[in-house]
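Here is a walk through a structure, taken step by step. Keep the view open and follow along.

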Amino acid sequence: MSAASDYAQYRNRCAIAGIGRTEFSKDSGRSELTLACEAARSAIADAGLSLADIDGVVRCDMDHVTQGALIGALGLANVGFVGEVGIGGSAPSAMVGMAVAAILSGQADTVLVYRALNGRSESRFGAAIAPRSHAGGQGNYDEFFTPFGLLTAPQSFALLAQRHVVEYGTTAEQFGAVAVTCREHANRTPHAQMHGKPMTMDDYLASRVISTPLRLFDCCLETDGAAAVIVTSAERARDLARPPVLIRATAQAPASGMSGGMMFPSITWNDPLRLSPGKVAELLWARAGIGPEDIDVAQIYDCFTISVLLQLEDYGFCPRGESGPFAASGALRADGALPMNTDGGNMSGGYIHGLNHVVEGVRQLRGTADVQIDGANTCLVTSGPIGISSAMVLEKAA
Amino acid sequence: MTQKILPVDFDRDTGPFFTAARDHRLVYRHCRDCGRGIHIPSQTCKHCGSLETEWREASGRGQLFSWTVTRNPTHPAYPVPYTIVVVSLEEAPDVRLIGRIDGAAELEAGQPMQVWFDDVGEGVVLPQWRPA
């Protein structure tokens, strides 16, 4: 592994020059390919570029829209770099990292990064994973989980949450603080799916149990929609339509003692309360040359409330085991020490598998967010905490 | 009632776990070099990288590591409520196995658990766990 000091030369060499998204809904009424094209066109236009400028494309491994489908549908004629990163929601920061790598190695100048899904009207994310008659045999290791009734993402994260309760005494109100904070921010963000639907702590506590200790409102949304960002060199971005948002550093790392499979095996890995984000954080802070105390605003991947609590500890915003009290202190609110998920995140904004967090990070540093944090110069964006995770630090251009 | 999901037993790394269960034996992968248990089972040790691993017979005793009472139905063959348990093997605590208990079980972290063998049809037997 290269030393962190070697990375200094790459800091802030690339930027996000354009962002785009569709509306977020329960039923988009159109194909995922159409959504991807809309978000891509929107991001390209936002940057003041044209389709001919795009010479790199990066896909998330779980996207049904292949690079070929998108390149064909948009008629991209000048593509010379095509990449893919997994797994699912753990990928978006690393997708941007792959775009940076392509640009700094001379393989592309302007890279389109996209994620499109009909996550509610077509392939529901909260449904049973692969409910086939037989499980396993394809390197997914479902044979150890689904035959026993461990079928869904909420159950898998509930096992992590219960372990957090066992070790640290985490309370329902502490999990709820994450959900209620995201909802507050969504209610100040017109495009958020839960805009106009306020939620109090009492509402949270009254929501039905999905799988203990997780309630309905501990779970993120299922969304139809798409997002896209345009990555280019910082030098080039300065001449484009928008103030560039610099990519100070990206990082990607696996969990200790991990295995194949997606989320279910995580409870069998070395320390289920310290999965891949702990290692991502070490790399990221070293590469960025700054630490959690230097972060003004954070977009933290929130598939479940427990995901946020674990990452608050992993990224060093609070000591291990103290994320519950930290969240309950109000620290995550817009006026708190670490304003988080300022558009409502996956929980209340819209679940675009984590590329939504990148888009909101850019809005914050442009100063165009709906819940704008005054003087925001740095933003941490994290991606899913399961498997090989990733994160990045964005910085406002001087 | 709809058939429960059955594990395949042809995977070269994981199949022996399920073929042993058919004989009401609980086995886990053990590393002869570092002495730790390996789960998900594989021929290489995830702790030390050794290739010197083997299947070992487990005592069938363990400790409760985590659990969740599932109340939201997602599959007709798994009527709610039921409890998913995660159990660390007594002789190999790195090995954490999943089991299912009907209903909402009253459980406590660290409590002793005991394996039992659940014949789910088509010749498939699942090692399950209940409080000892």
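The model is predicted. Start inside, with the largest nonpolar core, which has 161 residues. The residues with the most contacts inside this core are A:Ala99, A:Val113, A:Val229 and A:Val231. Take A:Val113 as a guide. Setting aside its neighbours within four places in sequence, A:Val113 touches A:Val58, A:Met95, A:Val96 and A:Ala99. A:Ala228, A:Val229 and A:Val231 are also among its contacts.

Next comes the sheet of chain A. The sheet is open and has 9 strands, with mixed pairing. The strand order is 3-2-4-8-1-9-12-11-10. Strand 3 (81–85) and strand 10 (297–299) of chain A are the edge strands, and each pairs on one side only. From one strand to the next, the twist averages 30 degrees. Look at one pair in this order. Strand 11 (residues 378–382) and strand 12 (residues 389–396) of chain A run antiparallel, joined by 5 bridges. Within this pair, A:Val381 has A:Met392 of strand 12 of chain A as its bridge partner.

Helices lie across the strands. Helix 3 (residues 67–74) of chain A crosses strand 2 (56–60), strand 3 and strand 4 (110–118) of chain A. Its direction makes an angle of about 135 degrees with strand 2 of chain A. Helix 9 (residues 276–288) of chain A lies across strand 9 (245–253), strand 11 and strand 12 of chain A. Helix 9 of chain A runs at about 140 degrees to strand 9 of chain A.

Helices also pack on each other. Helix 6 (residues 172–186) and helix 10 (residues 305–314) of chain A meet at an angle of about 100 degrees, with their axes 9 Å apart. Helix 6 of chain A is therefore roughly perpendicular to helix 10 of chain A. On the helix 6 side, the contact is made by A:Phe175, A:Val178 and A:Ala179. Helix 10 of chain A brings A:Thr305, A:Ile306, A:Val308 and A:Leu309. By class, the residues of this contact are 6 nonpolar, 1 polar and no charged.

Now turn to the second chain. How many residues does each chain give to the contact? Chain A gives 36 residues and chain B gives 33 residues. On the side of chain A that touches chain B, strand 5 (134–135), helix 5 (153–168) and strand 6 (209–211) each supply at least two residues. Helix 5 of chain A gives the most, with 6 residues. That side of chain A has 18 nonpolar, 15 polar and 3 charged residues. Strands pair across the chains too. Strand 5 of chain A and strand 1 (residues 6–7) of chain B run parallel, joined by 2 bridges. Here A:His134 stands opposite B:Leu6.

Finally, check some backbone details in the loops. The peptide bond from A:Gly86 to A:Ile87 is cis, with omega near 10 degrees. A:Ile87 sits in the loop between strand 3 and helix 4 (92–104) of chain A. In chain B, a cis peptide bond joins B:His39 and B:Ile40, with omega about 10 degrees. B:Ile40 is in the loop between strand 3 (37–38) and strand 4 (53–57) of chain B.

Two residues other than glycine have a positive phi: A:Asn341, at about 45 degrees, and B:His24, near 60 degrees. Is each buried or partly exposed? A:Asn341 is buried, because 29 other C-beta atoms lie within 10 Å. B:His24 is partly exposed, with 13 other C-beta atoms within 10 Å.

Methods: Residues numbered from 1 in each chain as written. Chains lettered and ligands numbered in written order. Predicted model: local features only at pLDDT ≥ 70, side-chain atom pairs only at ≥ 80, totals over all residues. Contact = placed C-beta atoms within 7 Å. Helix = DSSP H or I, 4+ residues; strand = E, 2+ residues; numbered from the N terminus. Nonpolar A, V, L, I, M, F, W, Y, C, P; charged D, E, K, R; others polar. Pairing = 2+ DSSP bridges. Axes fitted to C-alpha atoms, helices over the stretch in contact; angles between N-to-C directions. Parallel < 35°, antiparallel > 145°, perpendicular 65-115°, else oblique. Core = buried A, V, L, I, M, F, W, Y, C linked by C-beta atoms within 7 Å. Buried ≥ 20, exposed ≤ 12 C-beta atoms within 10 Å, placed from the backbone.
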